[in-house]
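This report describes one protein chain in plain terms. The sequence and structure come first, and the description follows.

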Amino acid sequence: MRWSRSFIPTLRDNPADAEFRSHQLLIRGGFVRQLAAGIYSYLPLGQRTVLKIIRIIRDEFDEAGAQEFFLPALHPADLWQETGRWADMGENMFRLKDRFGRDMCLGMTHEEVFTEIARKEVRSYKDLPQIWYQIQTKFRDEARPKSGLLRLRQFIMKDSYSFDVDRAGLDRSYDIHHQLYCRIFTRCGLKFVAVEASSGAMGGSQSEEFMVRTEAGEDFVVSCACGYAANLERAVSRLDKISDEPSSGEPRAVSTPGQKTIAEVADFLKVPPTHQIKSLVYIVADKPCLLLVRGDHQLNEAKLMAAARTVLVRPARPEEIRELFGADAGSLGPVGVRNLPILADPELQGRSNMTCGANKDDFHLQGVTPGVHFKAEWADLRAVQAGESCVQCGKPLEIYKAAEVGHIFKLGTKYSQSMGAVVLDAEGKQVPIVMGSYGIGIERILSSAVELYHDDDGIIWPASIAPFSVIITPVNYKDAVKAAADRLYDELRTAGIDVLLDDRMERPGVKFKDADLIGIPYRVVLGAEKLSKGQAELFNRATRQTELIDINTVPSVVRERLQAGGIR
RNA sequence: CGGGGCGUGGCGCAGUUUGGUAGCGCGUACGGUUCGGGACCGUAAGGUCGGAGGUUCGAAUCCUCUCGCCCCGACCA
């Protein structure tokens, strides 16, 4: 492309409402423009980058024998009603009615539609396994779109689905995807880690997320030098045993006027938070439930969802708590509770002589021993905290922010069962298809690459997803320099290299600044003086190193560099 | 949904407290001088001040309502 004829609207100033570097640079560099909250237009430069990413994904999926589909974005409600997700998706689903008043929605994901095809067309185990994928626009009415292109309401997703006759087949399809994802993210130049994840409302047994470490992300990864890595929603750790004074007899009530928080009670009764029981009331699938964690621990709602096998959880409202316990939050405890289930974190198991609320305002109980003074069902509920010991090696755990660029799930038969997608197996028995579901967020690759690779001057694209591989910058686009630039431009294009020729009548400084901003990996600078000696400058955007090379060798050197970086 | 911030030429901002009919920088167009890291001089175009209603002789400015965007939280297959 010739810059003079391209639409690359770069900006000198950062847009006022962009906070993260990726967001600022993608707008300043003329890659994207915002249309509405969480909805962006991809300008030519952005689109080129998106297409590069998509090409890598297609390349890998096709190579692995997966087949590309293109499914509707507009779905009839009844399909989603079959799996119950019409209700489960709640506010996050864009819903509309057609002219006849029929309920429709915009697809957030495509398990239902793909399963619909499978149940109609796939009859026999001989038709399996299948891996079907598509690259398509998804819609989610996020409560709060944010972080530029990291959390969108309309976004492009590669979603794929595996169909197998049994669990072993699913395991294989899942492993194929795991490998594919590693190859794809590596080819996109990302530094990433695969972590254990919680499957949330998707259902299913096992899932892993592919995470890129960045402050712009919204997930937390718990990781250890030994290789252990998990989403905070799923992570576990090892804690030191706490020795308790043996408790004698029944719990005793003590007056704690106005002492509500763990910290206040710790101060007032001289009982450290580790020796207190934190009592929380949640409404789980419309039923109240008492949740217990150690005083210094935090409840993780994703773990609660996993334990309760429902996504329908919320904290109880103050009036609900009052009605259930006859006391307010801050004076609650498990002792004597009969009217609702109690779920307790295992860190309370085996403890004794603890302190908790008395279910009477301004009173607490001391000398409480879990398992003796109350019975509970045990379930991991607490969030791991940085510095706790790794379960694998005992070293301290680190917690950092990350963006989820991909997620793979073993779904099992949740969808095939509810939708009646069955095949005959080798024994002639009807069995539900065993499914997997796998997603990659295209814009998330785009923005996390920028988060990962930029400097004060702009973006530093990994060559594999850069909108152009090379930019030719003639210092002055005239006379011999112009002729040389034009010739080089033709040569590079002929060599099949994506090249941008900055043929604008701009001062050199402007061209350099713009080239830095849009992040083209290699820049060939042509100036009259060097050219008269038959030389060109090859500038590496990432290292900022310039080398003088014979102008005639530019195409071969550039091609060599790109190939060394894994391009083409 | 709760809390906070912001909407003024294409972009970044001032002006709002104390009402008097809109300004700066960048960008854009034209002319000229420049030309290896966002040049300089001159000229010019471009804004119903997010929208509606109200108060007032007069509203970017005060009041009411409303729409939008950003941030924190809630939420997030």
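At what angle do the axes of helix α2 and helix α6 cross? The axes of α2 (residues 44-63) and α6 (residues 167-187) come within 10 Å and cross at roughly 150°. Axes here are lines fitted to C-alpha atoms, for helices over the stretch in contact, and angles run from 0 to 180 degrees between N-to-C directions. That angle makes α2 roughly antiparallel to α6. By convention, angles under 35 degrees count as roughly parallel, over 145 as roughly antiparallel, 65 to 115 as roughly perpendicular and the rest as oblique.

The model is a predicted one, in which local features need pLDDT of at least 70 and side-chain atom pairs count only at pLDDT 80 or more, while totals for chains, interfaces and linings use all residues. Residues are numbered from 1 along each chain as its sequence is written, chains are lettered from A and ligands numbered from 1 in the order in which they are written, and side-chain values use heavy atoms, with hydrogens and water left out.

**The chain as a whole**

Chain A has 15 helices and 31 strands. Helices (H or I, at least four residues) and strands (E, at least two) are DSSP runs, numbered from the N terminus. Along the principal axes, the C-alpha atoms of chain A fill a box of roughly 100 × 65 × 50 Å. Of its 568 residues, 53% count as buried. Buried means under 20% relative accessible area, exposed over 50%, and partly exposed in between (1.4 Å probe, protein chains only). Among contacts between residues at least 6 apart in sequence, 69% join residues at least 24 apart; contact means heavy atoms within 4.5 Å.

**Two helix pairs**

On the α2 side of the first pair, the residues in contact are Ile 56, Ile 57, Asp 59, Glu 60 and Phe 61, and they meet His 177, Leu 180, Tyr 181, Arg 183, Ile 184 and Arg 187 in α6. By class, the contact of α2 with α6 has six nonpolar, one polar and four charged residues. In this scheme Ala, Val, Leu, Ile, Met, Phe, Trp, Tyr, Cys and Pro count as nonpolar, Asp, Glu, Lys and Arg as charged, and the others, Gly among them, as polar.

The second pair is α1 (residues 21-28) and α11 (residues 442-452), whose axes come within 8 Å and cross at roughly 105°. The two helices are therefore roughly perpendicular to each other. Arg 21, Ser 22, Leu 25 and Leu 26 of α1 make the contact with Leu 446, Ser 447, Val 450 and Glu 451 of α11. This contact divides into four nonpolar, two polar and two charged residues.

**Helices α5 and α12**

Helix α5 (residues 111-121) holds Phe 114. Eight of the 11 residues of α5 are buried, so the helix is largely enclosed by the rest of the structure. The relative accessible area of Phe 114 is 0%. Not counting residues up to four places away in sequence, Phe 114 touches Phe 69, Leu 71, Trp 132, Tyr 133, Gln 134, Asp 159, Tyr 161 and Phe 163. The loop between α5 and β7 (130-139) contains Pro 129, and the peptide bond from Leu 128 to Pro 129 is cis, with omega near 0°.

Helix α12 (residues 479-494) has 16 residues and reaches 23 Å from its first C-alpha to its last, close to the 22 Å expected at 1.5 Å a residue. The expected span is 1.5 Å times one less than the number of residues. Val 481, Ala 484, Ala 485, Asp 486, Leu 488, Tyr 489 and Leu 492 are buried in α12. Their cover includes β27 (470-474), β28 (499-501), β29 (522-526), α14 (528-532) and α15 (554-564). Just after α12, Gly 496 takes a positive phi of about 80°.

**Loop residues**

Three loop residues are set out below by place and relative accessibility.

| Residue | Loop | Relative accessibility |
|---|---|---|
| Asn 300 | between β15 (287-294) and α8 (301-308) | 9%, buried |
| Lys 270 | between α7 (262-269) and β14 (277-284) | 67%, exposed |
| Ala 285 | between β14 and β15 | 33%, partly exposed |

Lys 270 has a positive phi, near 60°, and Ala 285 has a positive phi near 50°. Leaving aside neighbours within four places in sequence, Asn 300 is in contact with Leu 232, Glu 233, Leu 381, Arg 382 and Ala 383.
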